[in-house]
Amino acid sequence: KLLRVQMLACASAAVQGLQVGQAAPRPVARGAATMKDPFAFTLGVVGDLHMDPRDLDDSFEGRSHIKKILDEAGTPGSTYVCSLGDLGESKDCTQTQQLFAGTTPCFELVRDFLDGFGHPYDIVGGNHDLEGIDEFATDEENLEAYLSIMGKETPQYCHQVADKTLIVGIGSTVFRGAKYTSHEVFVDKDQCAWFEKTITDHPAEEGWRIFVFSHAPIIGSGLRVLQECHVVNGCC
């Protein structure tokens, strides 16, 4: 069977200028999803937001671009927004002499922003999302605030978005206690065990398709082409 997918991609922070595109395994007219194909779904994939309360115009404009396409996608009940983490800007944005990323005001701003899509969404934590080092003494306290404010029960998530189709997210849970660098993406053992069980319980042999999201390639993931903890581009 051919899976018909309409996917949107925001490959960089909205404040850097959002570019929105559609991609699918084969060309699909926007109206084709209205045929009630049980395999049809629409994802809005949002990269590092790094939201800065001093400069939100591009963030809101970018959201409006994605929201319009999601609203018109014709896949009610099978439309989702996936945020890849790094929610706030890693600078002093509020004249408090502390980094904005990973703080309570940061999480509250981003929660309101993501709510504004008007579609279900979920998040995987990035390296900067536990960077509230002046507000929180430990990673555990920072993680608890992040989960609570963003409405999450766990750092990971699993949602079925269409017939035999899952989106799975695994989030970084260590910053202060990182063994090598605070900016690596670290997925704890509990998440790994949960992830392995999720894959085992939904085998490809039974027709399951699984899209997996993390903030950045995971240290220890076996990606031999990755020589650093991040893929660095011109604005990073």
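**Reading a predicted chain, residue by residue**

Author: We can begin with Asp 122, which counts as buried because its relative accessibility is 10%, and the cut-off for that word is under 20%. Please keep in mind from the start that this is a predicted model.

Reader: Where is Asp 122 found, and which side chain does the side chain of Asp 122 join in a polar contact?

Author: Asp 122 is found in strand β5, which covers residues 121-123, and a polar contact of 2.8 Å joins its side chain to that of Lys 152. Once neighbours within four places in sequence are left aside, Asp 122 is in contact with Tyr 80, Val 81, Cys 82, Ser 83, Lys 152, Tyr 157 and His 159.

Reader: Before going further into single residues, how many helices and strands does the chain have, and what pattern do they follow along the sequence?

Author: The chain has 4 helices and 8 strands, and when one reads along the sequence they follow the pattern β-β-β-α-β-α-β-α-β-β-α-β. Of the 236 residues of the chain, 47% count as buried, while the chain exposes about 12100 Å², of which carbon and sulfur atoms supply 53%. If one takes the contacts between residues at least 6 apart in sequence, 75% of them join residues at least 24 apart.

Reader: Where does pLDDT stay under 50, and what is the mean pLDDT of the chain?

Author: The value called pLDDT is the predictor's confidence in each residue, from 0 to 100. For this chain the mean is 83, and 78% of the residues reach 70 or more, but over residues 1-34 pLDDT stays under 50, although the model has 85 contacts beyond four places in sequence for that stretch.

Reader: I would like to follow one residue through its surroundings, so where does Met 51 lie, and why does it count as buried?

Author: Met 51 lies in the loop between β3 (41-46) and α1 (57-71), and it counts as buried because its relative accessibility is 0%. Leaving aside neighbours within four places in sequence, Met 51 is in contact with several residues, among them Leu 87, Phe 100, Leu 109, Val 110 and Phe 113. The C-alpha atoms of Met 51 and Leu 109 are separated by 8.2 Å, and these two residues are 58 apart along the chain.

Reader: Which residues does Met 150 touch, and is Met 150 buried or exposed?

Author: Met 150, which lies in helix α3 (residues 139-150), is buried, with a relative accessible area of 4%. Not counting residues up to four places away in sequence, Met 150 touches Leu 87, Phe 107, Val 110, Arg 111, Leu 114 and Ile 123. Between the C-alpha atoms of Met 150 and Val 110, which are 40 residues apart along the chain, the separation is 8.2 Å. Leu 87 and Val 110 are also listed among the contacts of Met 51.

Reader: Which residues is Thr 103 in contact with?

Author: Thr 103 is found in the loop between β4 (79-83) and α2 (104-115) and is buried, with a relative accessible area of 2%. Beyond four places in sequence, Thr 103 is in contact with Gly 132, Glu 135 and Phe 136.

Reader: What should I know about the sign of phi?

Author: Most residues other than glycine have a negative phi. Here His 50 has a positive phi of about 40° although it is not a glycine; His 50 is found in the loop between β3 and α1, and it is buried, with a relative accessible area of 15%. Lys 164 has a positive phi of about 55°, and it is not a glycine either. The place of Lys 164 is in the loop between β6 (157-162) and β7 (165-169), and at 26% relative accessibility Lys 164 counts as partly exposed.

Reader: How many disulfides does the structure hold?

Author: A disulfide asks for two cysteine sulfur atoms within 2.5 Å, and the structure holds 0 of them. Cys 93 is in no disulfide, since the nearest cysteine sulfur, that of Cys 106, is 8.5 Å away. Cys 93 counts as buried at 6% relative accessibility, whereas Cys 192 is partly exposed, with a relative accessible area of 33%.

Reader: To finish with a helix, what should the 13 residues of α4 span?

Author: At 1.5 Å a residue, the 13 residues of α4 (residues 189-201) should span 18 Å, and the end C-alpha atoms are 18 Å apart, which agrees. At the start of α4, a side-chain oxygen of Asp 188 reaches to within 3.2 Å of the backbone nitrogen of Asp 190.

Terms used
Residues numbered from 1 in each chain as written. Predicted model: local features only at pLDDT ≥ 70, side-chain atom pairs only at ≥ 80, totals over all residues. Heavy atoms only, no water. Helix = DSSP H or I, 4+ residues; strand = E, 2+ residues; numbered from the N terminus. Buried < 20%, exposed > 50% of the residue type's maximum accessible area, 1.4 Å probe, protein only. Contact = heavy atoms within 4.5 Å. Areas by Shrake-Rupley, 256 points an atom, 1.4 Å probe, with all protein chains shown as cover. Expected span 1.5 Å × (residues − 1). Polar contact = N/O pair within 3.5 Å; in protein donor to acceptor, adjacent residues only side chain to side chain.
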